[in-house]
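Here's a quick tour of one protein, put together for someone just starting out. Have a look at the sequence and the model, then follow the notes below.

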Amino acid sequence: VDDGPVTVQVADPVAVRREAWAEAATQGPRAGSKQGLNTGAKGSGLALAADVGGTNSRFMLYLVNLATGIEIGKPAPGRLLFEQKYANIHHSSFADVVQTFLKDAEANGINEGTVCPEVACLAVAGVAQQNRCRLTNLDWLIDGPALEERFGISCVEVINDFVAQGYGVLTLSDSEVVQMAGPAPAPGAPIACVGAGTGLGQCFLTAGPDGEYHAFPSEGGHAEYAPRGAGNDELQIELLRYLKVKYSGWNRVSFERVVSGKGICNIYEFLAYRNPSRIDKKVHGEFLDARQDAGIVAKNAKPGTLCYEALEIFAECYGAVCGTYSLQVMPFGGMYISGGVTQKLMNFLIETGLFMEAYHDKGRVSPMLQDVPLFIVRGDSMGQRGAHLRAVRLLHHHQSANANLVRTKTKCETDLLHLAPPRHADFADLLEEFGVMTARKQSPRSAGPE
C-alpha cells in the first residue's frame, strides 16, 4: 500500500533513534511461569557483570533498584558497588576468579559483607553455546549452570563478548555516535553491530513480541575474504595469494585476517614484501621490534608510505564487510561500527571516503543501503556496558518470574557441544612449567563447574 511520501527528520537522527527504542526499552516484562527457575538469591538486587578476555577478567557488582527503568542512551540503572580486574594466568580456573572477586568484595565490606549476586551476565571472548564457552588459550570451560550451583546465583548467562557490545549499542548517548549515512532508524527494525579490534566481531539485534531488543551472536568475521579491485587491479588478489602462503595450513583466508588489528599488520607485511624498495627501515624496525603492532603502522601512516597504503586497503575492506553484513541483516534500525581499531582510526575512516565507497559498492542492490542508518561509535567499554544492561534485564525478568525471557535451566552434557577443543598437550606442558594449571591435570572433581 502506498501511503504517500515520507518526510525524514535528519536534523537530529540520534534523538529519533532514542525515541524509536524508548517504548521497547521501558516496557515492563510480562508475567510468566516460574517453572524451571532457581530463585535461591531472589530479592538481593545484586547483579554481577563480567568482561572475560583471554588475558584478563573484569568484574563489576551492581546494586539495582528495579523501580528505576532502563533508559535508552544512558547506562543501565544500578549503583556500582565494586569493580576489579584479574590476570587470568594467576588462577587455575574461571570459578577460582569468581571466588576471588566475591571474597575481595566481602573483605572490602561491600553490601555489609554479604555478597551473593542474584544474577550474572558473563561476556566471554569465545564462541558461547548453550550457556557455555571454552577459552581455548587457557582451556577454561565457563559453564553457566555449574556456576549457578557452585555460587548460589539464581541465573548466570554466558554470552559472546561481541553480543555484549550489541547490548551496549542500546546505552549509547547522542555524543557517542556519528551518523555516516542513511535516514533515521525504523522503529522495531533489526539492528546490527560490526567491530574491528583484535578480531572482527559481528552481531545483530531484533525486537521481541514485547518490543524488547535481544542480541544474537555471529561469527561472520570468519567468512572468506573476497578481494576487491576495479578492472585489472589485482593488488588485493595478490594480498590473498600472500595470505594463502602465510596461512598455508588452511585452504581458506577469512576476512578477520585483513579487517582487524592483526589484519593491518598482515596488509603492511604484504606491501613490504611486494615493495622492498619503499620500506622505511626505521619504521619497519619498530614494527618488527613491537612484534607486529598495528599502532606502529597507524602512527606512521603518511601519504605515499606503505603504512598509509596499508590503512587504505584496510579501510576499503572494512567498508566492504560492513556493507555485506548490512545486506545480510538489513538493519533498518541502525548499523553500528565499533571496536578498538575503529576508535583509533575513526578520522581516517571518515575523511578518506574509502570506507563509505566500498560500503555502498554492492552492485544491483546498492540502493538498498541508502535506507540503512549507518553510525560509527565513539564510546568505549561497550562490552562492559552491554553486560551490565543484560544483567539488569535478567534481574527484572527473574524477579518477575518471566519464563519467556529468563533462560530455563536444562542439563546437557558438555561433550555433546561442539565447543572449542582443549589446548594442545605440549602447550599445556609449557604452561604448567610456569605454574599455570590446565584442565587436563585437574581431577573431574577438582575441575569444578568452570
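In which sense do β1 and strand β4 pair, and over how many bridges? They pair in the parallel sense, over six bridges. Before going further, keep in mind that this is a predicted model. The protein's secondary structure comes to 15 helices and 14 strands, and 51% of its 450 residues count as buried. Take the contacts between residues at least 6 apart in sequence: 74% of them join residues at least 24 apart.

**Around strand β1**

- Strand β1 covers residues 46-52, and six of its seven residues are buried, so call this strand mostly covered.
- On top of its pairing with β4 (residues 119-124), β1 also pairs with strand β2 (residues 56-63), this time in the antiparallel sense and over seven bridges.
- β1 and β2 make a hairpin, with three residues sitting between them.
- If you want to find these pairings residue by residue, start with Leu-46, whose bridge partner in β2 is Leu-63.
- On the β4 side, look for Asp-51, which stands opposite Ala-123.
- As background, strands of a sheet pair through backbone hydrogen bonds, either parallel or antiparallel.

**The six-stranded sheet**

- Now find the open sheet of six strands, which runs in the order β9-β14-β13-β10-β11-β12 and has mixed pairing.
- Its edge strands are β9 (177-181) and β12 (213-218), and each of these pairs on one side only.
- Going from one strand to the next, the twist averages 25°.
- You can see the mixed pairing around β14: β9 and β14 pair in the antiparallel sense over four bridges, while β13 (residues 335-338) and β14 (residues 374-377) pair in the parallel sense over three bridges.
- Two residue pairs help you find your way here: Gln-179 stands opposite Phe-375 in β14, and Met-335 has Leu-374 in β14 as its bridge partner.
- In a regular strand the side chains alternate between the two faces of the sheet.
- β14 gives you a case to look at: Leu-374 and Ile-376 point one way, Phe-375 and Val-377 point the other way, and all are buried.

**Helices lying on the sheet**

- Which strands does α4 lie across? The answer is β10 (191-196), β11 (200-207), β12 and β13, with α4 running at about 50° to β11.
- Helix α9 (residues 306-329) packs on the sheet too, touching β10, β11, β12 and β13, and its direction makes about 160° with that of β10.
- Helix α4 (residues 161-169) is mostly covered, with eight of its nine residues buried.
- The buried ones are Phe-162, Val-163, Ala-164, Gln-165, Gly-166, Tyr-167, Gly-168 and Val-169.
- Check out the start of α4 as well, where a side-chain oxygen of Asn-160 reaches to within 2.7 Å of the backbone nitrogen of Phe-162.

**Where α5 meets α9**

- Helix α5 (residues 235-246) packs against α9 at an angle of about 95°, and their axes are 12 Å apart.
- That angle makes α5 roughly perpendicular to α9, because angles from 65 to 115 degrees count that way.
- Which residues of α5 and α9 meet? From α5 you have Leu-235, Gln-236 and Leu-239, and from α9 you have Glu-309, Ile-313, Glu-316 and Cys-317.
- Sorted by class, this contact has four nonpolar, one polar and two charged residues.

**Two histidines in α13**

- His-397 has its place in helix α13 (residues 382-399), and His-396 is in helix α13 as well.
- Is His-397 buried or exposed? Its relative accessible area is 1%, which is under the 20% cut-off, so His-397 counts as buried.
- The side chain of His-397 makes a polar contact with the side chain of Glu-212, at 3.1 Å.
- His-396 has a relative accessible area of 18%, and because that is also under 20%, His-396 is buried.
- His-396 and Leu-66 are 330 residues apart in sequence, yet their C-alpha atoms are 6.7 Å apart in space.

Technical notes:
Residues are numbered from 1 along each chain as its sequence is written. This is a predicted model: local features need pLDDT of at least 70, side-chain atom pairs count only at pLDDT 80 or more; totals for chains, interfaces and linings use all residues. Side-chain values use heavy atoms; hydrogens and water are left out. Buried means under 20% relative accessible area, exposed over 50%, partly exposed in between (1.4 Å probe, protein chains only). A polar contact is a pair of N or O atoms within 3.5 Å; within protein, one must be able to donate a hydrogen and the other to accept it, and residues adjacent in sequence count only if both atoms are side-chain atoms. Two strands pair if DSSP finds at least two bridges between them. Axes are lines fitted to C-alpha atoms, for helices over the stretch in contact, and angles run from 0 to 180 degrees between N-to-C directions. Contact means heavy atoms within 4.5 Å. Angles under 35 degrees count as roughly parallel, over 145 as roughly antiparallel, 65 to 115 as roughly perpendicular and the rest as oblique. Ala, Val, Leu, Ile, Met, Phe, Trp, Tyr, Cys and Pro count as nonpolar, Asp, Glu, Lys and Arg as charged, and the others, Gly among them, as polar.
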